[in-house]
There are 2 protein chains.
Amino acid sequence: MLIVMKFGGTSVANAERIMNVASRIKRSYDSGNKLAVVLSAQSDTTDDLIDKAHEINANPSKREMDMLLATGEQQSVALMCMALEKLKVPCISMNASQCHIYATCDYSNARIKDINVRRVENELDTKKVVIVPGFQGINNRGDVVTLGRGGSDTSAVALAAKLNADLCEIYTDVDGVYTGDPRVISHAKKLKEISYDEMLEFASLGAQVLHNRSVELAKKYGVNLVVRSSLSEAEGTIVKEGTKVESMLISGVAVDKNVSRISIIGLEDKPGTAYKLFSEMAKKNVSVDIILQSIGRDGRKDISFTVARSDLQSAMDAIESIKNKIGYQKVDHKENVAKVSIVGAGMATNAGVAALFFEATYSAGVNVNMISTSEIKISILVDEKDADYAANAIHDKFMVQSANLRH
Amino acid sequence: MLIVMKFGGTSVANAERIMNVASRIKRSYDSGNKLAVVLSAQSDTTDDLIDKAHEINANPSKREMDMLLATGEQQSVALMCMALEKLKVPCISMNASQCHIYATCDYSNARIKDINVRRVENELDTKKVVIVPGFQGINNRGDVVTLGRGGSDTSAVALAAKLNADLCEIYTDVDGVYTGDPRVISHAKKLKEISYDEMLEFASLGAQVLHNRSVELAKKYGVNLVVRSSLSEAEGTIVKEGTKVESMLISGVAVDKNVSRISIIGLEDKPGTAYKLFSEMAKKNVSVDIILQSIGRDGRKDISFTVARSDLQSAMDAIESIKNKIGYQKVDHKENVAKVSIVGAGMATNAGVAALFFEATYSAGVNVNMISTSEIKISILVDEKDADYAANAIHDKFMVQSANLRH
């Protein structure tokens, strides 16, 4: 099999862990696989470099920051090759120029546009393990650019897509995707499989196993992903276009506590109000999540929405600044709320999911502030203090229901 | 003026020193110069990277070592740009790929073949200071290679040559080239000027101010070099094709204590003996320095030569191994000898230099073992214990003679 393996910063944090990863690569190589390996920078390296930069300039240009940070991955790939050389595994490291990872111009937040994999393929054909830096690319000016958060996952998926790899293994410090955050959800279980869409909803709900961009890319190119632990031999979770999981109701529960609610009461009910409101939010760089609008009455309506807690003040200021333009009676906000969501491809075709969901919150005695639904997701807004309790109640209710179907 | 400035690892060792260098660059920029700046890695960085590598593999491939070490200079150039940004100096950093430094394939010891300076020139034309990594290049496989000892000096000179720069300033931790090592020669004086050839002889005699390769390159392309301190405003020493210095007898005295002498007594006086002897030395990687051969007599001759002290045993073994092939009576060696040399373009045309030299050693009561001369150099072999004393005596004799002519 042709496999792309990706290891994050903690997996290569020191000499011992690098040797561990090298041994794992060797086992896969010895069993006959062709391997391209994508690495992040050693976990301390990036922080050290950022410190060095800030000692000199609190606000360096993004271009120079990228030039600096990209060295972290280049060090990782060289060190990993040295470890593989010690284990007598034929290998070669490359930097972003050498493996022709072309990216957009956006320093510190570039996107991969294309990879010319000819050289990587040539090296793979000579039975070498090819070690490639994640998180970076080359833009059309020939400058080094970094890919922003989750960039190494994206590098791995893009490489797997271009190489037509049989599998893209994302090694991380958890051993798979769980039905909920095990620190919050007592009965959380590891999933054997999850679909791209479910994974996307999961990621956007705050489960930081895989970055959205990498999952989107995997979906687009049909890359088979596996999320597994670099520390154990556990099997991990497969992310792929799944039909087998349809019979299952939900794939998991997520809790997001970085949420505040804002309600604008008594808005003038005329066309363009919502547009003016949310374009002002965008201008202030405030991302809006759940939006609910009441049915208009007496020429007035209410709009409620949630924002990240750190954006609350900016959002309130924005609303105040356009009071005259949109016209409203008062603004109300609540800081200590949380979003509890269930995700599952099975929901779309399964009647009774909503009923089960609200049965759970009702039994748990949790008051639901807002509700938002998509084809494969239901989110509710609850008081922050109720969030974990509600999430567990919902999780257990659905897991019992799904148990026979799935496990 | 178009100036190439080069700063070594100690000059950029930490944030404070980087800011100092940035201020110096700013002063030169503000006075209207076009500047390309070549940097070494921060002095600790290279050592730290080597430690990291050796923790993983005591004997890593040179290719991967180059891949690893090259990140050091890339970090320096990015950090320097951040410092210049803070001082509002327009600037841009480049890595070896971006500034098209083409080098030979020899990992860890490559030579610069060519530099395509179009992009550097374009950036200079837009009034940016261009910051470039020293010590590295790209070989014809697209791999990063390092240039070996003194590599950053060579990078700077090569860039100055290709840019047709008016000046190449080598900033270091000494403020110029001295007539002798100030730690040994009490009355050592800083030279205002020195010729390429004198500098070459000096470098090969162990004065580590500039690496030979960079001086050779400067001579070949007629690059005006200045050696000066990064810590003071002192004027430094100009290295150039000089006619002005002809009237001066010597430019300096050097002492090399890493020397042993070997004498082969009673060699058969037939053709090919010396060839067999020295090709055996080369095979064992022993560099031979001064060679003296006596006039043959009774079908026998003697050959004496010096080697680095660390090579003495290898040399003795080599001689033993070819005893039957070359035929000799006995081998004699002496470990504690030293080479004292004077260098000066003036010697070639000045009668009486040798007389003055031996007057000095005679007055000092120093016994001379061997003598070797070139157009601009006289070296003698003395007992190690006499070396410093002899060097000072010679230095002072010549400085008194030259005083009227030069200073």
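**Entry 1. Core of chain B**

I started from Leu159(B), which touches Val4(B), Ala36(B), Val38(B), Ile115(B) and Val117(B) when residues up to four places away in sequence are not counted. The model I am reading is a predicted one. I then looked up the largest nonpolar core and found 45 residues in it. Leu159(B) is among the residues with the most contacts inside this core, together with Val4(B), Leu163(B), Cys168(B), Leu210(B), Leu225(B) and Val239(B). The element that gives the most to the core is helix 5 of chain B, residues 151-163, with seven residues.

**Entry 2. Aromatic pairs**

I searched the whole structure for aromatic pairs and noted six over all chains. I took Phe7(A) and Tyr171(A) for a closer look. Their ring centres are 4.5 Å apart and their planes stand at 15°, which is under the 30 degrees set for stacking, so I entered the pair as stacked. Phe7(A) belongs to strand 1 (residues 2-7) of chain A and Tyr171(A) to strand 9 (residues 167-172) of chain A, so I noted a link between distant parts of the chain, 164 residues apart. I checked burial for both partners. Phe7(A) has a relative accessible area of 0% and is buried. Tyr171(A), at 2% relative accessibility, also counts as buried.

I looked up Phe7(B) and Tyr171(B) next. They form a stacked aromatic pair, with 4.5 Å from centre to centre and 15° between the planes. This pair, too, links distant parts of its chain: Phe7(B) sits in strand 1 (residues 2-7) of chain B, Tyr171(B) in strand 9 (residues 167-172) of chain B, and 164 residues separate them. Phe7(B) counts as buried at 0% relative accessibility. Tyr171(B) counts as buried at 2%.

**Entry 3. Thr172(A)**

I stayed in strand 9 of chain A, where Thr172(A) has its place. Its relative accessible area is 15%; buried means under 20%, so Thr172(A) is buried. Leaving out residues up to four places away in sequence, I listed its contacts as Val227(A), Arg228(A), Ser229(A) and Ser230(A).

**Entry 4. Second largest pocket**

I read off a volume of about 670 Å³ for the second largest pocket. Its lining has 25 residues, and those nearest the centre are Lys6(A), Gly8(A), Gly9(A), Ser40(A) and Gly150(A). I asked which elements supply at least two residues each to this lining. They include helix 2 (43-56), helix 5 (151-163) and strand 9 of chain A. I sorted the lining by class and got six nonpolar, 13 polar and six charged residues.

**Entry 5. Cavities**

I counted two cavities of 30 Å³ or more in the structure. The largest has a volume of about 130 Å³. It is lined by 17 residues, and the closest to its centre are Gln74(A), Asn95(A), Gln74(B), Asn95(B) and Ser97(B). I noted the elements that give two or more residues to this lining: helix 3 (62-86) and strand 7 (136-138) of chain A, and helix 3 (62-86) and strand 7 (136-138) of chain B. Helix 3 of chain A has the largest share, three residues. By class, I found eight nonpolar and nine polar residues in the lining of the largest cavity, and no charged ones.

For the second largest cavity I noted about 40 Å³ of space. Its lining consists of Ser11(B), Arg17(B), Asn20(B), Val21(B), Ser230(B) and Leu231(B). These divide into two nonpolar, three polar and one charged.

**Entry 6. Positive phi in chain A**

I looked at two residues other than glycine with a positive phi. For Ser108(A) I noted phi near 75°. Ser108(A) lies in the loop between strand 4 (101-103) and strand 5 (112-115) of chain A. Is Ser108(A) buried or partly exposed? At 26% relative accessibility it falls between the limits of 20% and 50%, so I put Ser108(A) down as partly exposed.

For Lys127(A) phi is near 70°. I placed Lys127(A) in the loop between helix 4 (118-125) and strand 6 (129-133) of chain A. Its relative accessibility is 55%; exposed means over 50%, so Lys127(A) counts as exposed.

Terms used. Residues are numbered from 1 along each chain as its sequence is written. Chains are lettered from A and ligands numbered from 1 in the order in which they are written. This is a predicted model: local features need pLDDT of at least 70, side-chain atom pairs count only at pLDDT 80 or more; totals for chains, interfaces and linings use all residues. Side-chain values use heavy atoms; hydrogens and water are left out. A nonpolar core is a set of buried Ala, Val, Leu, Ile, Met, Phe, Trp, Tyr and Cys residues joined through side-chain atoms within 4.5 Å. Buried means under 20% relative accessible area, exposed over 50%, partly exposed in between (1.4 Å probe, protein chains only). Helices (H or I, at least four residues) and strands (E, at least two) are DSSP runs, numbered from the N terminus. Contact means heavy atoms within 4.5 Å. Rings of Phe, Tyr and Trp (its six-membered ring) pair if their centres lie within 6.5 Å; planes under 30 degrees apart count as stacked, over 60 as edge-to-face and the rest as tilted. On a 1 Å grid over the protein atoms alone, a cavity is a set of points where a 1.4 Å probe fits but cannot get out, and a pocket is an open set with protein on both sides within 12 Å along at least five of seven lines; lining residues have an atom within 4 Å of a point. Grid points are joined across faces, edges and corners, and a volume is the space filled by probe spheres set on the points. Ala, Val, Leu, Ile, Met, Phe, Trp, Tyr, Cys and Pro count as nonpolar, Asp, Glu, Lys and Arg as charged, and the others, Gly among them, as polar.
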